[in-house]
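Got the viewer open and a hand on the mouse? Let's take a walk through this model, one selection at a time.

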Amino acid sequence: MNTTKSWYQGAIIAVALVAAPMAVAGPSAASPEMKTALAKAAEGPDQLRQYVQRTRAIYALDFNEVMDRHEAIKAASSESKPQVAQTGTK
């Protein structure tokens, strides 16, 4: 009786694991496809949207993820620039 119960529990766990949706991982930040996508994002959202739609079956890129990464890179680069004091001109 005890082995049947544990077998059922094992079967339920196995079915749950197989039925769980698998996460689709996109390309890494250093991959050529992501570099191209970030270059398209720098050109504008329409160019990025076209690139993502055209290559979605191949690279599994996400428009929002690429735009968020592009904005983060842009914000980090503007923060890393040194601030230069300016004087008022008369």
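Here is a tour that goes from the whole chain to a few single residues.

**Stop 1: the whole chain**

Before you click anything, keep in mind that this is a predicted model. Show the chain as a cartoon and follow it from the N terminus: the elements run α-α-α-α. That makes four helices and zero strands. Now colour by burial. Of the 90 residues in the chain, 19% are buried. Switch on the surface, and you're looking at about 7,400 Å² of exposed area, with carbon and sulfur atoms supplying 59% of it. As for how the chain folds back on itself, take the contacts between residues at least 6 apart in sequence: 53% of them join residues at least 24 apart.

**Stop 2: helix H2**

Select residues 32-43, which form helix H2. You can check the length yourself: at 1.5 Å a residue, these 12 residues should span 16 Å, and the end C-alpha atoms sit 17 Å apart, which agrees.

Which residues of H2 are buried? Show Glu33, Met34, Ala37, Leu38 and Ala41 as sticks, and you have them. They cover an arc of only 135° around the axis, so they lie on the same side of H2. The spacing has a simple background: an α-helix has 3.6 residues a turn, so residues three or four places apart point the same way.

Spin the model around. On the other side of H2 you'll find Pro32, Lys35, Ala42 and Glu43, which are exposed. Pause on Ala42: its relative accessible area is 56%, which is over the 50% cut-off, so Ala42 counts as exposed. Try a distance from here, too. Ala42 and Glu71 are 29 residues apart in sequence, and their C-alpha atoms are 9.4 Å apart in space.

Step just past the end of H2 and click Gly44, where phi is positive, about 145°.

**Stop 3: helix H4**

Now select helix H4, residues 63-80. With 18 residues at 1.5 Å each, H4 should span 26 Å, and its end C-alpha atoms are 26 Å apart, which agrees.

Add sticks for the buried residues of H4: Phe63, Val66, Met67 and His70. Their arc around the axis is only 95°, which puts them on the same side of H4. The face turned away from that buried side carries the exposed residues Asp68, Glu79 and Ser80.

What do these buried sides pack against? For H4, the partners are H2 and H3. For H2, they are helix H3 (45-59) and H4.

**Stop 4: the nonpolar core**

Time to look inside. Select Met34, Ala37, Leu38, Ala41, Leu48, Tyr51, Val52, Leu61, Phe63, Val66 and Met67: these 11 residues make up the largest nonpolar core. H2, H3 and H4 are the elements that give two or more residues to this core. Which of them gives the most? H2 does, with four residues. There is a general trend behind this sort of grouping: in soluble globular proteins, nonpolar side chains tend to be buried together.

Zoom in on Phe63. Setting aside residues up to four places away in sequence, Phe63 touches Pro45, Leu48, Arg49 and Val52.

**Stop 5: the loop between H3 and H4**

Next, click Leu61, in the loop between H3 and H4. Is Leu61 buried or exposed? Its relative accessible area is 9%, so Leu61 is buried. Leaving out neighbours within four places in sequence, Leu61 is in contact with Pro27, Glu33, Met34, Ala37, Tyr51, Val52, Thr55 and Val66. One of these deserves a distance label: Pro27 is 34 residues away along the chain, but its C-alpha atom is 7.2 Å from that of Leu61.

Slide over to Ala60, also found in this loop. At 31% relative accessibility, Ala60 counts as partly exposed. Its phi is positive, about 55°, although Ala60 is not a glycine.

**Stop 6: Thr55**

For the last selection, pick Thr55 in helix H3. Thr55 is buried, with a relative accessible area of 8%. What does its side chain find there? A polar atom of that side chain lies 2.7 Å from the backbone oxygen of Tyr51. Beyond its neighbours within four places in sequence, Thr55 is in contact with Ala60 and Leu61, which brings you back to the loop from the previous stop.

Note on methods:
Residues numbered from 1 in each chain as written. Predicted model: local features only at pLDDT ≥ 70, side-chain atom pairs only at ≥ 80, totals over all residues. Heavy atoms only, no water. Expected span 1.5 Å × (residues − 1). Buried < 20%, exposed > 50% of the residue type's maximum accessible area, 1.4 Å probe, protein only. Arc of directions from axis to C-beta. Contact = heavy atoms within 4.5 Å. Core = buried A, V, L, I, M, F, W, Y, C linked by side-chain atoms within 4.5 Å. Polar contact = N/O pair within 3.5 Å; in protein donor to acceptor, adjacent residues only side chain to side chain. Areas by Shrake-Rupley, 256 points an atom, 1.4 Å probe, with all protein chains shown as cover.
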